[in-house]
Every structure is written in C-alpha cells, then in structure tokens.
Amino acid sequence: MAVEAEPTSLKLQRYSGFGSCGIPPLALFPSDWSFSGSGTDSGRPEENELQRSAAVVQGRSRHTVSDDLTPSLIIAVDGPAASGKGSIASRLAAHYGLPHMDTGLLYRAAGLKVLASGGDLGDADAATRAAESVTPGDLIDETALTSRGAGEAASRVASHPGVRAALLKLQQDFARQAGGAVLDGRDIGTVIAPDAPVKLFVTARPETRAHRRWLQLTGRGEAIAFDDMLADIIRRDERDAGRGAAPMVMADDAVLLDTTEMDIEAAFDAARRVVEAARVRHGF
Ligand code: CDP
C-alpha cells in the first residue's frame, strides 16, 4: 500500500497519550463517510448514521466496506489507559493514509449519556440503552469526552455485555472497510478484528501512564492529585482486564510495545516497523 495523503479533515481532537510530546490529534468523523456492501445495514437508523459518521478520518476521501477477500491493512492497537496507543494509532493512520477510529470515545459517550440522564452506571439495561442511542452528536464535546469522569464512566459501562454488543457492529464494519483501517481500544485484536494482520499491544508502567494522563488533564485545568490519577489508572486497568465481557488482554499474535522509556517519535517508529514487517509477511 502506498503512503497516502495527509489528514484531510479533523473534526474532533483528543489529547495525546504522550502529554506534551507534540503529537497530531486523534480525529473522528469524516463528512464523506459511506458504507456499501451487504450486511452493513443494522436496521437501526441511528446506528447506520453513526457508522457513516463515527469514523474517522485521516487520509482517503472514500471509504467502503469491503466485500472481497483481499486482505486489507487492518491495524489493531490495544492497551491500557494512557499507554500511548491512541497517539500511535493516530500517527500510523496518518502515515498510511488510513481512517482511524478511537473506539474508547464510543464507551465514553455511552457513559456520559448514562450520567446525563441521572442513571446508574452499574445498571446494565440503562447502560445498554445509552450505548444503543449513541449518535455522532454525542461524540463532539471533546472536553467532556476526555475528562477524568468520562474515562471512569466508560470503564464502568464497558463491562456490560449489552453495551459491548451495541457497539460491536459499527466497529467491525469500520475495521472491514476496503483498504483497511486503524482502530485503537481494548479488544480490537481479540474481538473486533481478530484476523487483523497487524496487532499491537501498547503498554507502559502505571506510574508513567499516570504521569502522562496527569499532565494532560492538569494542563487543561482539571484539578487532580498525582496519587489519585495513579489510583484511577490502576483501578481502571483492573476493571478492564478483569471483566468477563471482552476483557483487555493481549492477543496471542500481538506485538508488545512498552513505551515506558519512549517518546512519541520512538514509539511511532517502533510501531511502524511492526507494520512494515507485517506488510512483508502478508504481501501488502
Ligand atoms: O484513553 P484511555 O486509554 O484512558 O481510555 P479510552 O481508550 O478512551 O477507553 C475508556 C474506557 O473505555 C476504557 O477504560 C475501557 O473500559 C473502555 N473501552 C473498552 O472497553 N473497549 C474499547 N475498545 C475501548 C475502550
């Protein structure tokens, strides 16, 4: 696959996983998103609308769901909070001209919807209804979506199987689009795209991740003590790895990338080399 154009439209930016290291933003929502091919219409208008718009957006101007069996460059990037997976995914997407989906935003939006309606994050039915009703409009408020509270709420609702089921298809359709895609999350390499030819599991020491996230949040005015941030990160790791539904686990065929001692350039370069090796292996 040729390296394609630089990102064309960035409608939602997100903090980077590497604090102040100067990474391009993650982005969502192309204006020109379209799906074609069988099996993409869920029968739920709002989901179809979400599929069309909740996608991302870097690079190519047309996206279609692939019906053929030609292998496509699906890059699955999983890992715990603030490991740098989002920044790496964003950089890989820009480099290869692939669309990118930050799947965590879907769970964050679902969690915020439960909170906004005064619901209980532990209520599986309420959380599932919230996930089913996520629309592109719920994915716009960057500050709310990337807040500390939204991360915690996301992790709570993400443990409900109904929530995961509600968000499954649009992620899988996104992954299956012609030419490939980059998705980052917790279960991309295990559940969403188990056949992805490239799988990365990005991690770093909890203290390092807490420091990165602490810099990001305090840098934009959220008041939080470092020790509380570290406790958040550890609690979220345990919940995400310990849940029954699609737990955060490294796929058997994923490559582990520990970014503890890396800045974003080094991490991106290591990830790019993993992709290049896979391209040689799979003949892309
Ligand atoms: O940016 P950070 O890594 O802190 O979180 P995120 O990727 O936005 O995900 C927020 C939460 O959503 C995670 O703690 C997970 O509980 C959940 N999540 C998930 O379960 N599966 C995904 N594919 C993505 C996120």
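**Figure 1. Overview of the predicted chain.** Of the 284 residues in the chain, 52% are buried. The model shown is predicted, not determined by experiment. Its secondary structure consists of 11 helices and five strands. Among contacts between residues at least 6 apart in sequence, 79% link residues at least 24 apart.

**Figure 2. Confidence along the chain.** The average pLDDT of the chain is 81, and 75% of the residues reach at least 70. Over residues 51–63 the pLDDT is below 50, and the model gives this stretch 63 contacts beyond near neighbours in sequence. Residues 1–43 also have a pLDDT under 50. For residues 1–43, the model contains 129 contacts beyond four places in sequence. Where pLDDT is low, the predicted coordinates should not be read in detail.

**Figure 3. The surroundings of the ligand.** The shell around the ligand comprises 16 residues, of which A81, G104, S155, A158 and G185 come nearest. By residue class, the shell divides into five nonpolar, six polar and five charged residues. Three helices, α3 (104–116), α6 (148–157) and α10 (226–242), each contribute at least two residues to the shell.

**Figure 4. The largest nonpolar core and a second core.** The largest nonpolar core holds 59 residues, and the members that touch the most others are I75, A110, V157 and L183. Helix α3 supplies the largest share of this core, with seven residues. A second core, separate from the largest one, has seven residues, among them A81, A82, M229 and I233. A81 thus appears in two views, as a member of the second core and as one of the residues that come nearest to the ligand.

**Figure 5. Contacts of V157.** V157 belongs to the largest nonpolar core and is one of the residues there that touch the most other members. With neighbours within four places in sequence left aside, V157 is in contact with Y107, A110, G111 and V114. Further contacts of V157 are L121, A127, A130, A131 and V163. A110, one of these partners, is likewise among the core residues that touch the most other members.

**Figure 6. D120 in the loop between α3 and α4.** D120 lies in the loop that joins α3 to α4 (124–132). Only 12 other C-beta atoms are within 10 Å of D120, and this residue is therefore exposed. A153 is 33 residues away from D120 along the chain, and the C-alpha atoms of the two are 9.9 Å apart.

Notes:
Residues are numbered from 1 along each chain as its sequence is written. This is a predicted model: local features need pLDDT of at least 70, side-chain atom pairs count only at pLDDT 80 or more; totals for chains, interfaces and linings use all residues. A residue is near a molecule or strand if its C-beta atom, placed from the backbone, lies within 6 Å of it. Helices (H or I, at least four residues) and strands (E, at least two) are DSSP runs, numbered from the N terminus. Ala, Val, Leu, Ile, Met, Phe, Trp, Tyr, Cys and Pro count as nonpolar, Asp, Glu, Lys and Arg as charged, and the others, Gly among them, as polar. A residue is buried if 20 or more other C-beta atoms lie within 10 Å of its own, exposed if 12 or fewer, and partly exposed in between; C-beta atoms are placed from the backbone. Two residues are in contact if their C-beta atoms, placed from the backbone, lie within 7 Å. pLDDT is the predictor's confidence in each residue, from 0 to 100. A nonpolar core is a set of buried Ala, Val, Leu, Ile, Met, Phe, Trp, Tyr and Cys residues joined through C-beta atoms within 7 Å.
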